[in-house]
Amino acid sequence: MRTALLSGAGSAATPPHPNRGATALSVLTAVTQTLATAGGRRRRPVTPVDRTVVVEVHAVRRPCPDVAEVDLVPAGTAPLPGWRPGAHVDVELPSGLLRQYSLCGDPGDRSVYRIAVRRVPGGSGSHEVHDLRPGVRLRLHGPRNAFPLAAAPSYLFVAGGIGITPIAPMVRAAHAAGVGWRLVHTGRDRASMPLSDALAALAPDRVVRRPDDVAGVPTAAELLAGTDPDAAVYCCGRRR
């Protein structure tokens, strides 16, 4: 079983209402990290990318009450740099703060980058993103990829809340390639689980959405149940 792990994607602050299912996700992360290390499959160093891109906010949507989905388009005529599932960009916000956000759109569309950011009380970066309006220009650095999607015979994707952002392009890539995949998305409630509705439309029988207030807190064993021994397991979500 191959594993790839990412915690805390999208923001650096601790959420005020942590997903209770994050406990199981943390256990799963620890277990899969141990397996990966024992198997000698260590993550390769990220190659630095010395690239600055000027973009303009094109649209801001709110798929959940506390999540802003932002489309960023080139400020000039050149297409945006290419990227692969799992990549992120460093965003220079209007105040000068630098924050990293996963790209969650379509890697094949170089006319737009999409990020999704949860508003965190006390988190200045997330509040600035939520205050962005169309027409505002920003500087980006990257994209970089510390969470690459490796070739595998099948995949299990496990996302906690806003941790779905780097996972979403991976799911779409696996589906387009005709490779077996399954997604488990956890959250404290349905309102804390953005993006997975669209992924469920790809293959409803492959997506399990587990809000804590309905299904209870999953165990690590439940999250891994039915996983093929040769599958690659990708996890992203906050630790408690």
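Buried here means under 20% relative accessible area, exposed means over 50%, and partly exposed is anything in between, using a 1.4 Å probe and protein chains only. Keep that scale handy for the whole tour.

You're looking at a predicted model, in which local features need pLDDT of at least 70 and side-chain atom pairs count only at pLDDT 80 or more, while totals for chains, interfaces and linings use all residues. Residues are numbered from 1 along each chain as its sequence is written, and side-chain values use heavy atoms, with hydrogens and water left out.

**Stop 1: the open sheet**

Switch to cartoon view. Helices (H or I, at least four residues) and strands (E, at least two) are DSSP runs, numbered from the N terminus. Two strands count as paired if DSSP finds at least two bridges between them. Follow the six strands of an open, antiparallel sheet in the order E5-E4-E7-E2-E3-E6. E5 (98–102) and E6 (113–118) are the edge strands: each has a single partner, so one side of each has no neighbour in the sheet. From one strand to the next, the twist averages 40°; axes are lines fitted to C-alpha atoms (for helices, over the stretch in contact), and angles between N-to-C directions run from 0 to 180 degrees.

Now select residues 88–92, which make up strand E4. Five bridges pair E4 with E5 in the antiparallel sense. Click Asp90 and look across to its bridge partner in E5, Gln100.

**Stop 2: salt bridges**

Stay on Asp90. Which side chain forms a salt bridge with Asp90? It's Arg144, with the closest N and O atoms 2.4 Å apart. The criterion is a side-chain nitrogen of Lys or Arg within 4 Å of a carboxyl oxygen of Asp or Glu. This pair links distant parts of the chain, 54 residues apart: Arg144 sits in strand E7 (residues 137–144) and Asp90 in E4. Are the two residues buried or exposed? Arg144 and Asp90 are both buried.

The structure holds eleven salt bridges, so there are others to visit. Select Arg210 and Glu222, whose side chains meet in a salt bridge at 4.0 Å, N to O. They're twelve residues apart, with Arg210 in strand E10 (residues 207–211) and Glu222 in helix H6 (residues 220–224). Arg210 counts as buried at 16% relative accessibility, whereas Glu222 is partly exposed at 41%. Then show Arg61, Glu69, Asp71 and Arg114 together: salt bridges that share partners join them into one network.

One further pair to pull up is Asp197 and Arg190, which meet at 3.6 Å, N to O. Arg190 is partly exposed, with a relative accessible area of 46%.

**Stop 3: His185 and strand E9**

Go to residues 180–187, strand E9, and pick out His185. How accessible is His185? It has a relative accessible area of 0%, so it is buried. Six of the eight residues of E9 are buried, so the strand is largely enclosed by the rest of the structure.

Draw the distance from His185 to Ser196: their side chains share a polar contact of 2.8 Å. (That's a pair of N or O atoms within 3.5 Å; within protein, one must be able to donate a hydrogen and the other to accept it, and residues adjacent in sequence count only if both atoms are side-chain atoms.) Beyond four places away in sequence, residues touching His185 include Ile164, Met193, Val208 and Arg210, where contact means heavy atoms within 4.5 Å.

**Stop 4: the aromatic cluster**

From E9, step over to strand E8 (residues 154–160). Seven bridges join E8 to E9, and the two run parallel. Leu183 in E9 stands opposite Phe157.

Four aromatic pairs turn up in the whole structure. Rings of Phe, Tyr and Trp (its six-membered ring) pair if their centres lie within 6.5 Å; planes under 30 degrees apart count as stacked, over 60 as edge-to-face and the rest as tilted. Select Tyr155 and Phe157 for a stacked example: 5.4 Å centre to centre, 10° between the planes. Tyr155 is buried at 8% relative accessibility, and Phe157 is buried at 0%.

Phe157 also forms a tilted pair with Tyr234, at 6.1 Å centre to centre and 45° between the planes. Tyr234 lies in strand E11 (residues 232–236), so this pair ties together parts 77 residues apart in sequence. Tyr234 counts as buried at 3%. Add Phe147 to the selection: with Tyr155, Phe157 and Tyr234, it makes up one aromatic cluster.
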